[in-house]
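Open the model in a viewer and keep the selection tool at hand. The stops below go from one residue outward to the core, the metal, the cysteines and a sheet.

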Amino acid sequence: ASRRRGGGARLPPSPWALPVIGHLHHLAGALPHRAMRDLAARHGPLMLLRLGGLPVVVASSADAAREVMRARDLDFATRPVTRMVRLAIPAGAEGIIFAPYGEGWRQIRKICTVELLSARRVQSFRPVREEEAGRLLRAVASSSATPPREVNLSELLSVYAADSSVRAIIGSRFKDRDTFLGMLERGLKLFAKMSLPDLFPSSRLAMLVSRMPGRMKRHRQEAVAFMDALVREHEESRVSDDGKEDLLDVLLRIQSEGDLQVPLTTDNIKSVVGDMFAGGSETAATTLQWIMAELMRSPRVMQKVQDEVRQALAGRATVTEDDLGNLQYMRLVIKEALRLHPPVPLLLPRECRNTCRVLGFDVPVGTIVFVNAWAIARDPNYWETPEEFVPERFESSKVDFKGTDFEYLPFGAGRRMCPGMVFGLVHLELALAGLLYHFDWELPLGMKAADLDMTEEMGVTARRLQDLRLVPVIRVPVPVD
Ligand code: HEM
């Protein structure tokens, strides 16, 4: 039941709580989006949890999501910054993801949408993507000898997404690419975990007993040294605005042009570089892995989407981005995979800036808000046979992921909605079209579609626990370099 507390606030309903840990035990042993869906079934579309010392509200219906991200978007337009994140990103040094709502964030957001992630800029990286997609296809082909052998498709897709993003962000010139990737990945792992000091923000003991603060500080030192070298290298070999700029070049140019309302510091720029990688890489890799897994479980859909791709490309040596516009059914396949497997199932957390009312309940200032987009996208109130992979459901429906249909929110909605949608989608489409055009796909010997393990694990994204291993059989040879 809902509770009234000091001043007569009507708080959203909560499950039973334990002293100190609050509701943490309700989440133990399950993935957060799944545990929260089960709790919401009992406590309603807006519920209040206390995770250690953190008050958290979870929105689990389209109505609740609409309230948070449209009606009251301004009240929820900032993000919580935990103690550990603060150790890695000092106040004022934020990029975009963790920037508090305000002029600074608005300016960086505008730079992202107009300069970094605009359709024109994304287009300028087309040669990089096509090269990386070619590399992916060759890597797959080289493993499909006679007799064809299985490949670890998860690994190859992660390499594709990471390499292609990194080349867009810091260019192809950078010598220490591998170190950069390794560092970013270690950093992301640290950010993805809620540690004791995060859950108990006022506890000094938690700070003392946890190993996280030390790790975060070391990560920051390493990242700062590395980014300094990266920025220096970019400053020494400036590229002009001839379409060959990488995202770091663009940021440094905007900084040097100087006519900004809020100064853009080099610390901000370094954080944006990290944010672009954090936002763009694992999301694309995870989605591609889920799409291929769902296609393997649904031979009907696989056949239909391969027929489409092969008809559209008949006689072609390989796929280019010019071909993608004709692949309507493939686009529905991607939409359906993003419905069942939104890579960021709880979206990125928001924080309440002003105490306000949502669905008749009071949400106090400072509360962290999650929108359970995963649960909403599988809710039988909005979806027929929600657990089934049926791309055709989007054929006659206007529901889209642009942030106006609150039953389907893989990219979020409102002011904080994902600015990287175009960038992400074109990566997905290009790689997928290539994989479907050049190869037929089989399960490893003796395995049936029903045996494919679809268990999730929570990293930065909700990704596959088991790597996806499949056997590619060449249908159209992949051109050599
Ligand atoms: C399949 C691909 C992707 C998915 C599913 C996805 C999903 C999301 C989601 C759910 C959010 C939170 C939105 C909210 O709070 O309402 C978000 C934010 C964000 N995404 Fe993406 N994303 C993808 C690709 C990308 C790419 C390619 C980039 C950049 C290269 C990117 C950069 C960002 C940034 C910077 C934010 C934070 C925006 C802000 O706080 O103002 N994303 N994304």
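Contact here means heavy atoms within 4.5 Å. The model is a predicted one.

**Stop 1: methionine 227.** Select helix H12, residues 212-236, and find methionine 227 in it. Which residues does methionine 227 touch, not counting those up to four places away in sequence? They are Phe180, Lys270, Val273 and Gly274. Methionine 227 has a relative accessible area of 7% and is buried. For a distance check, pick the C-alpha atoms of methionine 227 and glutamine 123: they are separated by 26 Å, with the two positions 104 residues apart along the chain.

**Stop 2: the nonpolar cores.** Next select Leu116, Phe180, Met292, Leu295 and Trp441, which touch the most other members of the largest nonpolar core, a set of 104 residues. Phe180 was already on screen as a contact of methionine 227. Colour helix H14 (residues 266-297) as well, since no other element gives as much to this core; its share is 15 residues. Then centre on leucine 116. Leaving aside neighbours within four places in sequence, leucine 116 is in contact with Ile111, Arg121, Leu247, Val250, Leu251, Val272 and Met276. A second core, separate from this one, has 24 residues, including Leu11, Ala62, Ala64 and Val358.

**Stop 3: the iron.** Select the iron atom of the ligand. How many donors does the iron atom have from the protein? There is a single one, the SG atom of Cys418, 2.3 Å away. Cysteine 418 sits in the loop between helix H17 (373-376) and helix H18 (421-438).

**Stop 4: other cysteines.** The structure holds zero disulfides. Start with cysteine 112, which is buried at a relative accessible area of 0%. Its closest cysteine sulfur belongs to cysteine 418, and at 10 Å the pair is too far apart for a bond. Move to cysteine 352, also counted as buried, at 1% relative accessibility. The closest cysteine sulfur to that of cysteine 352 is in cysteine 356, 4.3 Å away; a disulfide needs sulfur atoms within 2.5 Å, so this pair is too far apart for a bond.

**Stop 5: a three-stranded sheet.** Finish with the open sheet in the order E5-E13-E10, where the pairing is antiparallel. Strands E5 (151-152) and E10 (439-442) are at the edges with a single partner strand each, so one side of each has no neighbour in the sheet. Strand E13 covers residues 469-474 and pairs with E5 over two bridges. To see the register, select asparagine 152, which stands opposite arginine 469 in E13.

Notes:
Residues numbered from 1 in each chain as written. Predicted model: local features only at pLDDT ≥ 70, side-chain atom pairs only at ≥ 80, totals over all residues. Heavy atoms only, no water. Pairing = 2+ DSSP bridges. Helix = DSSP H or I, 4+ residues; strand = E, 2+ residues; numbered from the N terminus. Donors = N, O, S within 2.8 Å, 3.2 Å for Na, K, Ca; no water. Buried < 20%, exposed > 50% of the residue type's maximum accessible area, 1.4 Å probe, protein only. Core = buried A, V, L, I, M, F, W, Y, C linked by side-chain atoms within 4.5 Å.
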